[in-house]
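Student: Can we go through this one together? I'd like to see how each label is earned.
Tutor: Sure, let's have a look.

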Amino acid sequence: MNKPLRAGATIGILGGGQLGRMLSVAAARLGLKTHIFEPQANPPAGHVAARVFTAAYDDLDAISAFARSVDVVTFEFENIPAQALNTIEDICPVLPGGAALVVSQDRVLEKDFIRGLGLKTAPYAQVDDLAGLKRGLVEIGTPAILKTRRFGYDGKGQVRITDPAQAAEAFAAINHRPALLEGLVDFEREISVIGARAIDGSVVCFDPGENVHENGILRTTTVPASLTTAQATDAVILTGHILNALNYVGVMGVEIFVTKGGLLVNEIAPRVHNSGHWTQNGCVVDQFEQHVRAIAGWPLGDGRRHSDVVMTNLLGDEAACPQMLARDASAALHLYGKEISRPGRKMGHINRITGRGGA
Ligand code: AMP
């Protein structure tokens, strides 16, 4: 894409969940429209978008019609089938491009890519079969985590192994799928950096956030994170390095373990990220607007933190009574409009301002 999007142009978003919804709201604020492509009926993003395409990702006629109806396509999740992506790319630009998707869809390629940049990760081994898992356990030792190479999220498709004798059981638990064995990292804290890169190559990173997970699901993000200045600077620099190496356009989330031995990159997400929701109330330009600006070919905004924030996810029934949540005057409430609540399902989040930003 060479020309910046004009006022009133339309962005196509693959995926209609809360990330697509918040991207759509940001696009609307900038005078842009969105069309959503989502297999499930009544997606949260559909409530705030100009048009919804309801079809499966392998319905290439529907994918083509969607692509023809928009000026640029982006996505809110990384597991987009290659065929759908190729079909769209023949019709209109997709940003961020395929390179970041290929790397982030496969945990082995992802780790190889990160190590290839000279960055650190947990020790890991590729697992194709039970014999490979046993070899990996000898090499890496226990405790370790077995993760499916593809389609894992929120801790799904992962098994912890504390004793090599559990190998067969663990491999069966992930249905004998190709996997990655990772050494369990004794981290001090988990952080993430949300970074944005524009078409002209300029990069803006938000301050690192400190993440607490429960049962593999993000519970809170706190900014500022408890980091030394050197750690915070390193985290931002490594994020810029990853963005540049992929010639990336858009917003990316980089999950990092802080250890005594330095920063280890856990995972990259080629999209807006749950741990970046604090930016909605902590920065003048949040991650959603930053992503829209980047893929529109517009200049990035100011990502400095003007307020300290604790973001808390509302899971399952925690969002059932919005009027009760709204009683807390210090809390900005963000609800996703999901009709059905299930335990652990992300229904909304709260951003609490805890102080003036140090930026
Ligand atoms: P992931 O799907 O890789 O982001 O993993 C989800 C969560 O599991 C992470 O945010 C960590 O809390 C935990 N986790 C994943 N991999 C490791 C590891 N190698 N060592 C320690 N904890 C991990």
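Student: Which residues are closest to the ligand, and how many surround it?
Tutor: In this predicted model, 15 residues surround the ligand, and the closest are Lys147, Gln158, Glu182, Val185 and Glu190. To be counted, a residue needs a heavy atom within 4 Å of the ligand.

Student: What makes the pair between Lys147 and the ligand a polar contact?
Tutor: The cut-off for a pair of N or O atoms is 3.5 Å. A polar side-chain atom of Lys147 sits 2.7 Å from a ligand oxygen, so the pair falls within 3.5 Å and earns the name. Try the same test on two others: an N or O atom in the side chain of Glu190 is 2.5 Å from an oxygen atom of the ligand, and for Asn266 a polar side-chain atom is 3.1 Å from a ligand oxygen. Both pass, because the limit is 3.5 Å.

Student: How do you know whether the ligand is mostly buried or exposed?
Tutor: Taken alone, the ligand exposes 470 Å², and the protein buries 93% of that. So we can call the ligand mostly buried.

Student: Which elements give two or more residues to the shell around the ligand?
Tutor: Those are strand 6 (144-148), strand 8 (179-183), strand 13 (250-259) and strand 14 (262-269). As for domains, at least three shell residues come from each of domain 2 (123-183) and domain 3 (189-356).

Student: How do the shell residues divide by class?
Tutor: There are 5 nonpolar, 4 polar and 6 charged. Lys147 and Glu190 count as charged, because Lys and Glu are on the charged list.

Student: What lines the second largest pocket?
Tutor: Its lining is Leu119, Lys120, Gln231, Asp234, Leu238, Thr259, Gly262 and Leu263. Each has an atom within 4 Å of a pocket point, which is why they are called lining residues. The volume of this pocket is about 160 Å³.

Student: Which element gives the most to that lining?
Tutor: Helix 8 does, with 3 residues. Helix 8 (229-245) and strand 14 are the elements that give two or more.

Student: Why does the lining have 3 polar residues?
Tutor: The lining has 3 nonpolar, 3 polar and 2 charged residues. Gly262 is in the lining, and Gly counts as polar, so Gly262 goes in that class with Gln231 and Thr259.

Student: Where are the cis peptide bonds that involve Pro96 and Pro224?
Tutor: One joins Leu95 and Pro96, with omega about -10°, and Pro96 lies in the loop between helix 3 (82-89) and helix 4 (98-104). Another runs from Val223 to Pro224, with omega near 5°; Pro224 is in the loop between strand 12 (217-223) and helix 8.

Key. Residues numbered from 1 in each chain as written. Predicted model: local features only at pLDDT ≥ 70, side-chain atom pairs only at ≥ 80, totals over all residues. Heavy atoms only, no water. Polar contact = N/O pair within 3.5 Å; in protein donor to acceptor, adjacent residues only side chain to side chain. Areas by Shrake-Rupley, 256 points an atom, 1.4 Å probe, with all protein chains shown as cover. Helix = DSSP H or I, 4+ residues; strand = E, 2+ residues; numbered from the N terminus. Domains from an automatic or database assignment. 1 Å grid on protein atoms, 1.4 Å probe; cavity = no way out; pocket = protein on both sides within 12 Å on 5 of 7 lines; lining within 4 Å. Points joined across faces, edges and corners; volume = space filled by probe spheres on them.
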